[in-house]
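Work through the exercises below with the model open. Try each task before you read its solution.

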Amino acid sequence: QVQFVESGGGLVQPGGSLRLSCTASGVISRVYHMGWYRQAPGKQRELVASITAGGFTNYVDSVKGRFTISRDNAKNTLYLQMNSLNSDDTAVYYCNFLSPLPSWGQGTQVTLSS
């Protein structure tokens, strides 16, 4: 059974940085295209960053230049480095395949302080 466990979220001031991690179990994630998703209060879940098995990356316009997705295949772990955070980045962040499974991890909460 595939499971994703996200971590690294927290309360951060505008302009600050966080690094999210996602560990996959039950699957060798390096052979899959992976994505980081987020769901803000009252909004639908959206894909914000993706990385192919070959390492090509893509980002939604709102995070381009600020977020960086990467993977450590030896650790079966996906990362999201988030810089220059702003209030629009407040959300629960999840990882999943680029064609996501119907089941999701618990996510990790990112909250921008006022």
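Strands are DSSP runs of at least two residues, numbered from the N terminus. The model is predicted.

**Exercise 1. Place two residues with positive phi.**

Task: Where do Asn-76 and Ser-84 lie, and is each one buried or partly exposed?

Solution.
- Step 1. Start with the backbone. Asn-76 has a positive phi of about 55 degrees, yet is not a glycine. Ser-84 is not a glycine either, and its phi is positive at about 50 degrees.
- Step 2. Find the elements. Asn-76 sits in the loop between E7 and strand E8 (77-82). Ser-84 belongs to the loop between E8 and strand E9 (91-97).
- Step 3. Apply the cut-offs. Buried means under 20% relative accessible area, and exposed means over 50%. Asn-76 has 16%, so Asn-76 is buried. Ser-84 has 41%, so Ser-84 is partly exposed.

**Exercise 2. Describe the surroundings of Arg-66.**

Task: Which residues does Arg-66 touch, not counting residues up to four places away in sequence?

Solution.
- Step 1. Locate the residue. Arg-66 is in the loop between E6 and strand E7 (67-72).
- Step 2. Check burial. Its relative accessibility is 13%, so Arg-66 counts as buried.
- Step 3. List the contacts. With residues up to four places away set aside, Arg-66 touches Gln-81, Met-82, Asn-83, Ser-84, Leu-85, Asn-86 and Asp-89. Ser-84, one of these contacts, is the residue with a positive phi of about 50 degrees from Exercise 1.

**Exercise 3. Analyse Thr-108.**

Task: Why does Thr-108 count as buried, and which backbone nitrogen lies 2.9 Å from a polar atom of its side chain?

Solution.
- Step 1. Assign the element. Thr-108 lies in strand E10, which covers residues 108-112.
- Step 2. Test burial. The limit for buried is under 20%. Thr-108 counts as buried because its relative accessibility is 8%.
- Step 3. Collect the contacts. Leaving aside neighbours within four places in sequence, Thr-108 is in contact with Glu-6, Ser-7, Gly-8, Gly-9, Leu-20, Ala-91, Val-92 and Tyr-93.
- Step 4. Find the polar pair. The nitrogen belongs to Gly-9: its backbone N is 2.9 Å from a polar atom of the Thr-108 side chain.

**Exercise 4. Compare sequence and space in strand E3.**

Task: How many residues separate Thr-108 and Thr-23 in sequence, and what is their C-alpha distance? Then describe Thr-23 and Ser-25.

Solution.
- Step 1. Take the pair. Thr-108 and Thr-23 are 85 residues apart in sequence; their C-alpha atoms are 12 Å apart.
- Step 2. Add a second pair. Thr-23 and Phe-67 are 44 residues apart along the chain, with 19 Å between their C-alpha atoms.
- Step 3. Characterise Thr-23. This residue lies in strand E3. Its relative accessible area is 37%, so Thr-23 is partly exposed. Beyond residues up to four places away, Thr-23 touches Gln-3, Phe-4, Val-5, Asn-76 and Thr-77.
- Step 4. Move to Ser-25, also in strand E3. At 33% relative accessibility, Ser-25 counts as partly exposed. Outside four places in sequence, Ser-25 is in contact with Gln-1, Val-2 and Gln-3.
- Step 5. Close with a distance. Ser-25 and Gly-55 are 30 residues apart in sequence and 20 Å apart in space, C-alpha to C-alpha.

**Exercise 5. Trace the contacts of Thr-90.**

Task: Which backbone nitrogen lies 3.1 Å from a polar atom of the Thr-90 side chain?

Solution.
- Step 1. Thr-90 is in the loop between E8 and E9.
- Step 2. Apart from neighbours within four places in sequence, Thr-90 is in contact with Ala-40, Pro-41, Gln-109, Val-110, Thr-111 and Leu-112.
- Step 3. Leu-112 supplies the backbone nitrogen, 3.1 Å from a polar atom of the Thr-90 side chain.
- Step 4. For contrast, take Tyr-32. The C-alpha atoms of Thr-90 and Tyr-32 are separated by 27 Å, with the two positions 58 residues apart along the chain.

**Exercise 6. Characterise the largest pocket.**

Task: What is the volume of the largest pocket, and how many residues line it?

Solution.
- Step 1. The volume is about 190 Å³.
- Step 2. The lining has 13 residues; Arg-38, Ala-40, Lys-43, Glu-46 and Asp-88 lie nearest the centre.
- Step 3. By class, two lining residues are nonpolar, five are polar and six are charged.

Key: Residues are numbered from 1 along each chain as its sequence is written. This is a predicted model: local features need pLDDT of at least 70, side-chain atom pairs count only at pLDDT 80 or more; totals for chains, interfaces and linings use all residues. Side-chain values use heavy atoms; hydrogens and water are left out. On a 1 Å grid over the protein atoms alone, a cavity is a set of points where a 1.4 Å probe fits but cannot get out, and a pocket is an open set with protein on both sides within 12 Å along at least five of seven lines; lining residues have an atom within 4 Å of a point. Grid points are joined across faces, edges and corners, and a volume is the space filled by probe spheres set on the points. Ala, Val, Leu, Ile, Met, Phe, Trp, Tyr, Cys and Pro count as nonpolar, Asp, Glu, Lys and Arg as charged, and the others, Gly among them, as polar. Helices (H or I, at least four residues) and strands (E, at least two) are DSSP runs, numbered from the N terminus. Buried means under 20% relative accessible area, exposed over 50%, partly exposed in between (1.4 Å probe, protein chains only). A polar contact is a pair of N or O atoms within 3.5 Å; within protein, one must be able to donate a hydrogen and the other to accept it, and residues adjacent in sequence count only if both atoms are side-chain atoms. Contact means heavy atoms within 4.5 Å.
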